[in-house]
Structure formats: structure tokens, C-alpha cells
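Q: Please take a close look at one part of this model. I would like the strands, their pairing and their charged contacts walked through in order.

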Amino acid sequence: MAATSLRRLRRRHWARVAGLLGSVLAAGAARGVDLPGDQAEALAHVYKGGGVTASGPALLVRKSLADKVSLSASYYVDAVSNASIDVVTTASPYRERRTEYGFGADYVVRDSKLTLGFTHSKEPDYTADTMSFDVSQEVFGGMTTVNLGFTRGSDKVGKKDSPEFSDYARHWQYRLGATQILTPRWLMSANLEVLSDDGFLGSPYRVARVFGAAVPERNPRTRSARAVKFRVVGDLGSRDALRAEYRYFWDTWAIKAHTAEVGYSRYFGELWLGDAFVRVHTQDRALFYSDNATVETTYISRNRQLSSFNNIGLGSKLSYTFKQVPGQYELKAGGALEFVRYNFRDFTDIRTGSRYSFTASVLQVYVSATF
């Protein structure tokens, strides 16, 4: 019993997982055309919030060949127990499992890096495949790195206990960005994303309310969006770093969203690396979203992810290097903990009649070896 909001949550969660698997400070100073080093990483994650618990392992292995090509493979599992407000007010809590496999290849030639990636994920009523291609090119003597990318996704949408229901969703994402070395200690990047979706873009299980009565959700079958993101990272000079970023998103469903994050990272001695951050997000509702519509319209949704809401997240990360031989290998472990408070401005908990809000937590623990 899949839900689009939960699926997006997973994708954001996987993005955070991928981010955690790299060093915070190293990420800030990374050059666009560097070939990733050989790695083996394992991670366990737990998300709890809003009646949803998702947990599972994530594995990543990367190996380079002849210093020109780096091949990678990943494995990710979500075991979900869902008793969210959408579920408990319209159906029964359920459990399901989602498994994702990923394969990638990076190729470096001169000052360019080419990256090709594939993912395949499957859950009881939803199958998703993506293909991505990215190019990074250094220019101006390595002071600037330009990035271009494209992702194509194709999903098959089903409905549990309804074999007659079958639909699709297709996704396109185009990326353009640049990273500029401002000074020996400061970097700045700017990125533009253009997104387009068509097909079944809702959930076959979710219902809307019209005059208090439950009706099937009806979303437009097309959607286009844009997003710009700016990021600055600085080395403060005492084995610590500061970063700040801002993202603005808008789409043809009239959603406008702002996200800002500030983080600080610091080494404690030679072996410990700590990181703390705060993130704020605010969003306006989609044009056809209604908590309880008083007129019949062509499109209608009560998906709270399309409502007006804001959230604030506080998080910290800590890693410890067990053993390190420069130029040969490194073994380290770490963890991250984040709390996020969601406040929905026009989504009502119909069980209590009050505005809905909840707090979620994300816990991640990992071990990593580079060789």
C-alpha cells in the first residue's frame, strides 16, 4: 500500500544516507573531477514519526579500475510499519518492504568526469527504475567546476487487492550547476534543477474531503517544477568548517517552498569529527489542495505534503576513525541523529479537529572502510 508522500520521504531519507556516507569536510572541498576512492560501507537507519517507522540496512561497495573507472553497487532496504494519519483515518495500519538496488560507473578523462547510474526498487504495489547521467568539467585552471546531469525515471503503479488497477508515472530531471573556488578557504556553488512528471502522480489509496464526505483524490497528470540552490562552504582555519545553503522550489501546481540550512563541522583531535546543523523549511499549498472542499472541482487532494506547512530540523553527526594509514586505508564508524518538527497550517486531524503536527526522528549508524 504505497503512498507518494512516504515514497518522497524515503527518497529524501536516502539522500541523507548518501550524504552521511561521505566526510562532511571532504564534501565541502571535493573537486568535481576526482575519481571516488575504493570504499565499502554499511549503514543501518531508523525513521520514526507520524505513526510511521521505517528501518533497514544500506550497503555500498565501490572499486576503481586502472585509475580511470570506478564501479559501484548499492543495496537499500526499507521495512515500513505505517500507521500515519492518512492510513488510520481511512484504512488499517500495514507493513511492507521496499528493496532498492543501484549500480554506477564513474569515468575520468582529462579534466572531465562522466557518471552513469541505474537504480531499481520494488515494493508490493510499486516498481521504480531510474537512469542518470552526469558530466563534471573543470575550467579556468581548476578554479571552476561545471556540472550537467539528467535523470529519467519510470514507475509502475499498482493497488493492493485491486489487480484491475494499473498505471504509470514518468519523471525527468535536468541539472546544471557550477562550483567556484572563491579563496583558498571558501567555495560557493549554484545549481538549477528542472523537473517534469507525467502519469499517475497521486496515491490510489488516498481520499479527499468534499463537504465532509470522502472522495477519491484527483491530481493533475502533469507537473513541472524548478529549483535553485546556493551553497557556500568555508574552512575556518582551526580544523573546522562552516556551511550555509538555501533552496527555492516552485512548480505548476502553485507550490512554492523555501529551505535554508546552516551547519558547522569540527575535528576533535585526530580521530573525531563532529557536525551539527539546523534546517528550516516552509511551503505554500498546491492550488487544488483543500482540507475540506466546499465546491466540486476537477482536481482535489488532501495530501498533507501538498498543504501549507513548515518544519524545523536539528541534527548532529559524529564519526570516529579507528585506524588510518595515509595513502593505503582508513576504517571509521559514525552515527547521526536528527529531530524534525512538522507543523501543518491547513491540514486537520479529523480525530481531534485540531491542526496536525508531529515530531520525527532519524537515527543512522554506519561503518566505512576506504582502501
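The request is narrowed below, and one connected answer follows.

Q: How do S12 and S13 pair, and which salt bridge is formed by Glu 245?

A: Start with the status of the coordinates. This is a predicted model. The mean pLDDT of the chain is 89, and 91% of the residues reach 70 or more. Residues 1-32 are another matter, since pLDDT stays under 50 there. The model still has 82 contacts beyond four places in sequence for that stretch. Where pLDDT is low, predicted coordinates should not be read in detail.

Next, the setting. The chain has three helices and 18 strands. Its radius of gyration is 22 Å, close to the 21 Å that the globule rule gives for 371 residues, so the chain is as compact as a globular protein of that length. Along the principal axes, the C-alpha atoms fill a box of roughly 65 × 35 × 35 Å. Of the 371 residues, 45% count as buried. Among contacts between residues at least 6 apart in sequence, 58% join residues at least 24 apart.

Now the strands themselves. S12 and S13 run antiparallel to each other, paired over 11 bridges. Within that pairing, Ala 227 stands opposite Phe 249 in S13. The two strands form a hairpin with four residues between them. In its turn, Gly 237 has a positive phi of about 95°.

S13 also pairs with S14, which covers residues 256-268. This pairing is antiparallel too, over 11 bridges. Ala 244 stands opposite Val 262 in S14. S13 and S14 form a hairpin, again with four residues between the strands. Here Ala 254 takes a positive phi near 75°. S13 therefore has a partner in S12 and another in S14, given that two strands count as paired if DSSP finds at least two bridges between them.

Turn to the charges. Side chains of opposite charge can pair when their charged atoms come close. Glu 245 forms a salt bridge with Lys 229, with the closest N and O atoms 3.4 Å apart. Glu 245 lies in S13 (residues 240-251) and Lys 229 in S12 (residues 222-235), 16 residues apart. The pair thus links the two strands of the first hairpin described above. Glu 245 is buried because its relative accessible area is 18%, under the 20% limit. Lys 229 is partly exposed, at 30% relative accessibility.

S13 carries a second charged residue to follow, Arg 243. The side chains of Arg 243 and Asp 275 meet in a salt bridge, 2.8 Å from N to O. Asp 275 sits in S15 (residues 272-283), 32 residues from Arg 243 along the chain. Arg 243 is buried, with a relative accessible area of 9%. Asp 275 is buried as well, at 4%. This pair is part of a network of salt bridges that links Arg 243, Glu 261, Asp 275, Arg 279 and Glu 338.

Across the whole structure, a search finds 24 salt bridges. One of the others is Asp 134 with Arg 175, where the closest N and O atoms are 3.0 Å apart. That pair joins S6 (residues 126-139) to S8 (residues 166-183), with the two positions 41 residues apart in sequence. Asp 134 is partly exposed at 22% relative accessibility. Arg 175 is partly exposed too, at 21%.

Go back to S12 and look at its contacts. Ser 189, in S9 (residues 186-199), is in contact with Lys 229, Phe 230 and Arg 231, among others. Its contacts beyond four places in sequence also include Ala 178 and Thr 179. The C-alpha atoms of Ser 189 and Phe 230 are 5.8 Å apart, although 41 residues separate them along the chain. Ser 189 is buried, with a relative accessible area of 14%. Lys 229 thus appears both in the salt bridge with Glu 245 and in the contacts of Ser 189.

S12 also feeds the nonpolar interior. The largest nonpolar core has 30 residues. Those with the most contacts inside it are Tyr 47, Ala 286, Leu 306, Tyr 342, Phe 344 and Phe 358. S12 is among the elements that give two or more residues to this core, along with S2 (52-65), S6, S17 (329-349) and S18 (354-370). A second, separate core has five residues, including Ala 208, Val 215, Ala 293 and Ile 300.

Key: Residues numbered from 1 in each chain as written. Predicted model: local features only at pLDDT ≥ 70, side-chain atom pairs only at ≥ 80, totals over all residues. Heavy atoms only, no water. pLDDT = per-residue confidence, 0-100. Contact = heavy atoms within 4.5 Å. Salt bridge = Lys/Arg side-chain N within 4 Å of Asp/Glu carboxyl O. Buried < 20%, exposed > 50% of the residue type's maximum accessible area, 1.4 Å probe, protein only. Core = buried A, V, L, I, M, F, W, Y, C linked by side-chain atoms within 4.5 Å. Rg over C-alpha atoms; globule rule 2.2 N^0.38 Å.
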